[in-house]
Amino acid sequence: MRKYAIISVIIALVAGITFAYAQNYVPNQVLVKFKDGVSEERVTEIHNAVGTKIQDKILFGKIHLVLIVNGASVEDTIKEYAKFAEVEFAEPNYIVKPMK
């Protein structure tokens, strides 16, 4: 019995560490870059279809910081963007901290 309790604690700790690592990004935000030549009209259509809204444009407007407005998870939103050939990449807005 004690053996199973120890194994359960270890599994819980590992799951907690994995969850904490996986959540090392800003909730409800995704960074999206479209391929060159995609019209602004098409970009807007894709954002609307995925359920996001542009919060900011960075790197000379090439990368969009979008807010997820349809209640989907970051992971599901990235999968939705991946369905569009016009999208170069979509990724979480990772939290970056300086090394000590």
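This passage describes the nonpolar core and the salt bridges of a predicted model. Residues are numbered from 1 along each chain as its sequence is written, and side-chain values use heavy atoms, with hydrogens and water left out. Local features need pLDDT of at least 70 and side-chain atom pairs count only at pLDDT 80 or more, whereas totals for chains, interfaces and linings use all residues.

The largest nonpolar core (buried Ala, Val, Leu, Ile, Met, Phe, Trp, Tyr and Cys residues joined through side-chain atoms within 4.5 Å) holds 15 residues, and those touching the most other members are Val30, Val32, Phe34, Ile46, Tyr81, Val87 and Ala90. Among the elements that give two or more residues to this core are strand E1 (25-34) and helix H2 (40-50), helices (H or I, at least four residues) and strands (E, at least two) being DSSP runs numbered from the N terminus. Strand E1 gives the most, with 4 residues.

The structure holds 5 salt bridges, each defined as a side-chain nitrogen of Lys or Arg within 4 Å of a carboxyl oxygen of Asp or Glu. Glu88 pairs in this way with Lys33, their closest N and O atoms being 3.2 Å apart; because Glu88 lies in strand E4 and Lys33 in strand E1, the pair ties together parts that are 55 residues apart in sequence. Lys33 is buried at 13% relative accessible area, while Glu88 is partly exposed at 45% (buried means under 20%, exposed over 50%, partly exposed in between, with a 1.4 Å probe and protein chains only). A further salt bridge joins Arg42 and Glu86 at 2.9 Å, N to O, and Arg42, Glu45 and Glu86 are linked in a network of salt bridges.
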